[in-house]
Number of protein chains: 2
Amino acid sequence: MIGVFDSGLGGLTVVKEIKRLMPPIKILYFGDTARLPYGEKSEEIIKKYTLAACNFLKKRKAKVIILACHSASSVALNYVRSKISLPIIDVIQAGVKAALEKTKTKRIGVIGTRATIRSGTYERVFKNYDKEVEIIARATPLLVPLVEEGWINHYITKEVLKIYLQPFKEEKIDTLLLGCTHYPLLKKLIKEIFQNKVTIVDSSEALAKSIINFSSYKKIKKRKEELIIYLTDIPPEFEKIARNFLGLLPDKIMRVSLRE
Amino acid sequence: MIGVFDSGLGGLTVVKEIKRLMPPIKILYFGDTARLPYGEKSEEIIKKYTLAACNFLKKRKAKVIILACHSASSVALNYVRSKISLPIIDVIQAGVKAALEKTKTKRIGVIGTRATIRSGTYERVFKNYDKEVEIIARATPLLVPLVEEGWINHYITKEVLKIYLQPFKEEKIDTLLLGCTHYPLLKKLIKEIFQNKVTIVDSSEALAKSIINFSSYKKIKKRKEELIIYLTDIPPEFEKIARNFLGLLPDKIMRVSLRE
């Protein structure tokens with residue numbers, strides 16, 4: 001049983017990839033929709049909330065936990081690993097490895113929330129693999145609200161992306177890593193802005209691929225495919241958003257409340 | 001002692017007005033920054049969080065509570081009044097009365113978060129005062145993130161406002177009520193778009209004025225002016241944001257955590 005955690009519904013893009021790439025499996029998804037977004041919060045609060053979410057998934061018998069949330073992966077991974085005795089797969093490693101496979105010039109851009117970029121985690125992980133790589137990172141906090149407004153192909157979103165991506169053009173990156181689960185929905189616009197001259201790496205896809213090779217996953221007994229979604233709040237637009245990210249509606253959705 | 005509650009730091013615009021209009025007084029401000037924004041959450045969660053915030057202020061001896069948050073005022077006011085034995089002043093009434101004083105054509109526009117607009121509270125409160133008034137309401141969810149990105153005079157913000165405000169032009173409103181504590185920072189741009197043909201009503205200002213006339217306020221013993229800010233999270237950009245909303249830094253800031 002795989003447990004997937006995200007601050008909101010964006011992690012469903014990872015679930016979608018897992019479902020596409022893997023044999024049938026039971027997936028528990030936990031989205032902290034009552035307290036999202038994490039991207040603007042302090043490290044202390046992100047650690048606390050991420051631990052609570054992982055404990056929730058562990059109690060429900062998840063055997064592996066996937067931190068699909070980039071803000072949580074950037075800030076809380078070591079903390080949660082030190083507290084919880086389950087294998088925890090974060091979204092950073094997979095994206096970094098995929099970006100390193102694609103880059104030729106070793107000039108890589110990263111976009112993400114304020115918390116993700118401020119943490120400097122992407123730079124550190126990249127440098128662990130390859131000291132020569134140049135990382136240009138930028139917080140792009142308006143992209144999540146734009147996706148949630150449904151302005152996925154909107155000219156305003158394109159204008160905002162032009163502003164956010166201009167420094168990457170000047171820095172002549174050849175690869176851009178999408179450091180947030182919402183951003184894959186903007187892949188088409190981002191490609192247009194770079195006129196296909198930059199390779200876009202989608203962490204959700206990279207993460208799902210990395211799970212297939214993960215040893216603990218191989219030990220998991222395959223069962224009937226099932227997707228159960230636990231949310232701390234069920235937003236009225238839930239169905240629309242779920243369909244955007246997941247392409248379908250889940251088997252079961254439950255609202256739960258966590259002790260702080 | 002006045003307690004002011006908002007989901008984030010936007011309610012500091014109300015504090016600013018109170019400080020400007022009133023004799024020295026002690027103000028306790030509670031901002032639920034760990035769980036903001038409220039505007040996209042369900043009614044159930046907004047009620048629960050608002051009650052917790054009011055209980056927090058009551059325990060710290062607030063004698064009046066001001067709900068500066070429009071989403072909380074729209075959704076949770078009656079619920080909180082039924083649970084807490086303090087006078088609770090909401091931000092809706094004050095704004096509605098101010099708008100009714102200004103309008104000549106009785107065609108009034110309201111902008112706010114999804115939760116505020118979906119609740120239909122503004123329409124109900126307007127109709128209580130005047131059955132003939134026509135209310136045109138629209139959710140404008142990108143405005144809070146744009147203000148928080150600091151794009152207060154940015155051309156993108158102006159473009160987004162043009163899209164959001166176009167229906168109000170077509171409906172020929174003569175008054176626009178700003179139904180969110182963040183929006184007063186966009187007053188200049190909004191006026192430009194309407195070419196000064198529409199009166200803009202700032203609820204924060206209206207609310208502060210209404211408190212002066214509030215009977216319980218008159219009974220409050222005036223003391224040394226003091227502003228204590230309690231936040232459930234202290235975002236790294238706190239100082240910048242506080243200065244934007246408040247124009248100064250508060251005397252004391254404390255991080256607190258609430259039981260759910």
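**Two parallel sheets and a two-chain interface**

In this predicted model, strand β1 (residues 2–6) of chain A runs parallel to strand β3 (residues 64–67) of chain A, and the two pair over 4 bridges. Within this pairing, A:I2 lies opposite A:V64 in β3(A). Both strands belong to an open sheet of 6 strands in chain A. Its order is β4-β3-β1-β2-β9-β10, and the pairing is parallel. The edges are formed by β4 (88–90) and β10 (252–255) of chain A. Each has a single partner strand, so one side of each is left without a neighbour in the sheet. Neighbouring strands are turned by 20 degrees against each other on average, with direction ignored. Helix α2(A) lies across β1, β2, β3 and β9 (226–231) of chain A. The helix runs at about 155 degrees to β1(A).

Chain A also holds an open sheet of 4 strands. Here the order is β6-β5-β7-β8, again with parallel pairing. At the edges stand β6 (134–139) and β8 (199–202) of chain A. Each of these pairs with a single strand, so one side of each has no neighbour in the sheet. The twist from one strand to the next averages 20 degrees. Strand β7 (residues 175–179) of chain A pairs with β8(A) in the parallel sense, over 4 bridges. In this pair, A:L177 stands opposite A:V201 of β8(A). Helix α4 (residues 91–102) of chain A packs on the sheet. This helix touches β5 (107–112), β7 and β8 of chain A. Its direction makes about 160 degrees with that of β8(A).

The loop between β2 and α2 of chain A contains A:P37. A cis peptide bond joins A:L36 to A:P37, with omega about -5 degrees. In chain B, the bond from B:L36 to B:P37 is cis as well, with omega near -5 degrees. B:P37 sits in the loop between β2 (26–31) and α2 (43–59) of chain B. A further backbone feature occurs at A:K61, in the loop between α2 and β3 of chain A. This residue is not a glycine, yet its phi is positive, at about 75 degrees. Most residues other than glycine have a negative phi, and most peptide bonds are trans.

Over all chains, the search finds 38 salt bridges. One of them joins A:R114 and A:E40, whose closest N and O atoms are 2.2 Å apart. The pair links distant parts of the chain, 74 residues apart. A:R114 lies in helix α5 of chain A, and A:E40 in the loop between β2 (26–31) and α2 of chain A.

Chain A and chain B meet through 38 residues from chain A and 38 residues from chain B. About 3000 Å² is buried between them, and carbon and sulfur atoms give 52% of this area. The interface of the two chains includes 4 salt bridges. In one of these cross-chain contacts, A:E44 bridges to B:R255, with the closest N and O atoms 2.6 Å apart. Between the chains, 16 residue pairs are in polar contact, both residues having pLDDT 80 or more. On the side of chain A that touches chain B, α2 (43–59), α5 (114–119), α7 (143–148) and α8 (155–170) of chain A each supply at least two residues. The largest share, 6 residues, comes from α8(A). By residue type, this side of chain A divides into 19 nonpolar, 5 polar and 14 charged residues.

Notes:
Residues are numbered from 1 along each chain as its sequence is written. Chains are lettered from A and ligands numbered from 1 in the order in which they are written. This is a predicted model: local features need pLDDT of at least 70, side-chain atom pairs count only at pLDDT 80 or more; totals for chains, interfaces and linings use all residues. Side-chain values use heavy atoms; hydrogens and water are left out. Contact means heavy atoms within 4.5 Å. Buried area is the accessible area (1.4 Å probe) that two parts lose on being put together, summed over both. A salt bridge is a side-chain nitrogen of Lys or Arg within 4 Å of a carboxyl oxygen of Asp or Glu. A polar contact is a pair of N or O atoms within 3.5 Å; within protein, one must be able to donate a hydrogen and the other to accept it, and residues adjacent in sequence count only if both atoms are side-chain atoms. Ala, Val, Leu, Ile, Met, Phe, Trp, Tyr, Cys and Pro count as nonpolar, Asp, Glu, Lys and Arg as charged, and the others, Gly among them, as polar. Two strands pair if DSSP finds at least two bridges between them. Axes are lines fitted to C-alpha atoms, for helices over the stretch in contact, and angles run from 0 to 180 degrees between N-to-C directions.
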